[in-house]
Protein chains: 2
Amino acid sequence: MNDYLKMSRAELEAEKERLLQLYGDEKKKGLKLDMSRGKPCPEQLDLSMDLLKIQEYRTEAGADTRNYGFLEGIPEARRLFGELLGVDPQQVLVGGNSSLNLMFEVVAAGCRDGFGKTPWSAGEKPRFLCPAPGYDRHFRVTEHFGFELTTVPMREDGPDMDLVEELVKDPRVKGIWCVPTYSNPDGYCYSDETVRRLAALEPAADSFKILWDNAYLVHYLEDAPEDTLNIMDACKACGHEELPILFCSTSKITFPGAGVSALAAGPKTFAAICEDLFPMTIGFDKINQLRHVLYLKDKAHILAHMAKHKAIIKPKFDAMRRLLAEGLADCGDIAHWTNPKGGYFISLYTLPGCAKRIVSLCKEAGVVLTGAGAAYPYGVDPQDWHIRLAPTYPALEEVEQATRLLCIAVRLASVEKLLAD
Amino acid sequence: MNDYLKMSRAELEAEKERLLQLYGDEKKKGLKLDMSRGKPCPEQLDLSMDLLKIQEYRTEAGADTRNYGFLEGIPEARRLFGELLGVDPQQVLVGGNSSLNLMFEVVAAGCRDGFGKTPWSAGEKPRFLCPAPGYDRHFRVTEHFGFELTTVPMREDGPDMDLVEELVKDPRVKGIWCVPTYSNPDGYCYSDETVRRLAALEPAADSFKILWDNAYLVHYLEDAPEDTLNIMDACKACGHEELPILFCSTSKITFPGAGVSALAAGPKTFAAICEDLFPMTIGFDKINQLRHVLYLKDKAHILAHMAKHKAIIKPKFDAMRRLLAEGLADCGDIAHWTNPKGGYFISLYTLPGCAKRIVSLCKEAGVVLTGAGAAYPYGVDPQDWHIRLAPTYPALEEVEQATRLLCIAVRLASVEKLLAD
């Protein structure tokens, strides 16, 4: 009876009046919240303060991390990230505080020399596959290097593999961005079948790479982390060891501003990347690498540490989901949202043509959400229906306030849209 | 009477026999020294251990350096490097642990978009001016990006400016590498006139830049640091504010492996660089930036800190110079060397055609020097006469041993050369 999709024009007008009243009340509260990025909250950062107390500077083998050297990272850091990524430490490079930086350099290297095969920038305008919604900063990197961004719809079990298999027949297609575990922004995990189909790809471009950003690999919100199939193992099984380049970082394990990143790749690709990185730096910050090894120890210890993160942020995810369900009940099918078991985001899908208006309504009332469209190539959501929600940074009460406002904004924008149609 | 250049063949043969005996004795000592790079010694690194004790994470203004943000660096770090570089902090970006990395990215940016003007990579094969002998890693960066490296002879007062002024008339010439203070490897400081002539350049290429790597700006070995003329001020005076890009780092102030780097540029160039860096990273390690600000405080404090470095390394420079003078006395004009007032190196110039042989002789006897030719574009010293000496890392006694061996090697190679001519 309250289904907006079945309401008469008069009923919608009345509902709009009611919602404008509610929205006006929200505005008066003078909220001032930024939920635009997936940032850990201060309590999460406090978890790792013991890291800063570490003053050790000698590696296990006695090397002095204070001085130059170790372009690929100190051995114990390579071992730790090797365990985390499930690859041989000899194929792991440990970098500075930004895995995005490693990805940027890898794309730069691909463009320049194609990892020893055909340079990505050779020939016609190159294309890169962008499962969407996805991570805006990934898309931005490939846009920066002049790629045509090709959208691949993201599904609950990963990118649309039928389409991917079709697209890689085009030699202009040089790679695909993947966030396989608790994807940004949907929180989906790639199914084993998706991973196997990716590993089995036979792309026309000889230097095609799967850029496997396992940014949230241990960032679970349920009893145990999801075990996404190991892409390197799956690729090896097909003789495609040189296909993937894996990335991860401790940005949301320890500190976003001062963590440690890593990448891994097949032997030939790894050698090509190291050769390409050589002119770029004498080496990354090894004291910080050592701090992280001594603090995080191993994967088991990291998972225990991530349970503490979960204890802080799960209530925020739960509150947001509960209030979305409450606030959008009994108004028909005007929105749905994802139910992530980990990661940093919830995706909200509205009626087509409403996302921008909702983000704008929230902003006017003091709550900054991620810009509508940000999760799509070129920042354009063709349906204008997706909103990325980032509940980790604000306090629980603020998440609740913001979600209440959001529900009113979703309802109001939906009614406006239905009246305009 | 012992002047090699005036010796008869028989005298040279006899001298060679004598030197082979001495060289054989040196070899038996079983030395094992690496003097190939300009690395601080452990005692120098120990000077900054209090830096690692700092656990503060809030900026003066209360921002949380542990989290994301501040692409250009935290305000107090920009202020500190602004003071050090003598520029407005608003034109300073503070980076990660590697100024070479900032230079690499700046060259990449120049190639891609020319800082808002003509991209360096547009048109015919671009050229870059390389004052030589110079820093091999500089040359390597521009070689990596496909530049033709054009040698400009380095003189005691800086690069040969007559030649520079001529070369910049070629629009293919996109920039020049400069180490203005205690240059690598000669230890020369640019004269005021050189700086003024550089600032006054009117290059044909609209995106021409002076890459001003002030790597050793406070690294003095005498009573006070040399005051190289401020390039930004000199450029401003000519209305050429957008010409220079300045770099420095704390690699040899605190820790090579975990320091902080910075760059500065005119407003338009600075904005273009920041825009270009945006896709590359979310931000650099700000906790380490804050550590450095709290530890280093200001320029006066840094100079006091550098006096402690001087106390450790000056005796090594002095010993090397003394033993070179002693070991190469009374044999005629077969070698000369620079007398740096700061920096990390001494340049040794031998008879033409001897440098490779000397480096090889030293290596066979257990002392690794920087590869002959390394200080020249493409690693090729046309005269094969330059050797870069790096006395900072080994212990004083080792510097002495190495220099004694070196003198024998210089003599032996010279005699061999004279016999072969």
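A residue counts here as buried when its relative accessible area is under 20%. By that rule, in this predicted model, helix α10 of chain A, residues 286–296, is mostly covered, with 10 of its 11 residues buried. The buried positions are Lys286(A), Ile287(A), Asn288(A), Gln289(A), Leu290(A), Arg291(A), His292(A), Val293(A), Tyr295(A) and Leu296(A). Charged and polar side chains thus stand in the list beside nonpolar ones, among them Lys286(A), Asn288(A) and Leu290(A).

What do these buried residues pack against? Within chain A their partners are α3 (75–85), β2 (92–94) and α11 (299–327), and α10 of chain B joins them from across the interface. Both ends of the helix can be described as well. At the N-terminal end, Asp285(A) acts as the cap, with a side-chain oxygen 3.1 Å from the backbone nitrogen of Ile287(A). After the helix comes Lys297(A), which has a positive phi, near 65 degrees.

The contact with α10 of chain B leads to the interface between the chains. There, 50 residues of chain B are in contact with 50 residues of chain A. The buried area is about 4,400 Å², and carbon and sulfur atoms give 54% of that area. Of the area that chain B buries against chain A, 17% is supplied by Arg66(B), Tyr68(B) and Pro279(B), more than by any other three residues.

Polar links also cross this interface. The rule finds 2 salt bridges between chain B and chain A. In a salt bridge between Arg66(A) and Asp46(B), the side chains meet at 2.8 Å, N to O. In addition, 23 residue pairs across the interface are in polar contact, with both residues at pLDDT 80 or more. On the chain B side, α2 (42–46), α4 (99–113), α5 (136–144) and α10 (286–296) each supply at least two of the residues that touch chain A. The largest share, 5 residues, comes from α4(B). By residue class, the side of chain B that touches chain A divides into 23 nonpolar, 13 polar and 14 charged residues.

The aromatic residues are a separate topic. Over all chains, the structure holds 20 aromatic pairs. One of them joins Trp120(B) and Phe147(B) edge-to-face, at 5.8 Å centre to centre and with 85 degrees between the planes. This pair links distant parts of the chain, 27 residues apart: Trp120(B) lies in the loop between α4 and β3 (127–132) of chain B, and Phe147(B) in the loop between α5 and β4 (148–155). Trp120(B) has a relative accessible area of 0% and is therefore buried. Phe147(B), at 2%, is buried too.

Why does the pair of Tyr190(B) and Trp212(B) count as edge-to-face? The ring centres are 5.6 Å apart and the planes stand at 90 degrees, which is over the 60 degrees that the class requires. Tyr190(B) sits in the loop between β6 (173–178) and α7 (192–199) of chain B, whereas Trp212(B) belongs to strand β7 (residues 209–213), 22 residues away. Both residues are buried. In chain A, ring pairs link Phe115(A), Trp120(A), Phe128(A), Phe147(A) and Trp177(A) into a cluster.

A last site is Asn214(A), in the loop between β7 (209–213) and α8 (231–237) of chain A. Is Asn214(A) buried or exposed? Its relative accessible area is 9%, so Asn214(A) is buried. Apart from neighbours within four places in sequence, Asn214(A) is in contact with Pro180(A), Thr181(A), Phe247(A) and Cys248(A).

Terms used: Residues are numbered from 1 along each chain as its sequence is written. Chains are lettered from A and ligands numbered from 1 in the order in which they are written. This is a predicted model: local features need pLDDT of at least 70, side-chain atom pairs count only at pLDDT 80 or more; totals for chains, interfaces and linings use all residues. Side-chain values use heavy atoms; hydrogens and water are left out. Contact means heavy atoms within 4.5 Å. Buried area is the accessible area (1.4 Å probe) that two parts lose on being put together, summed over both. A salt bridge is a side-chain nitrogen of Lys or Arg within 4 Å of a carboxyl oxygen of Asp or Glu. A polar contact is a pair of N or O atoms within 3.5 Å; within protein, one must be able to donate a hydrogen and the other to accept it, and residues adjacent in sequence count only if both atoms are side-chain atoms. Helices (H or I, at least four residues) and strands (E, at least two) are DSSP runs, numbered from the N terminus. Rings of Phe, Tyr and Trp (its six-membered ring) pair if their centres lie within 6.5 Å; planes under 30 degrees apart count as stacked, over 60 as edge-to-face and the rest as tilted. Buried means under 20% relative accessible area, exposed over 50%, partly exposed in between (1.4 Å probe, protein chains only).
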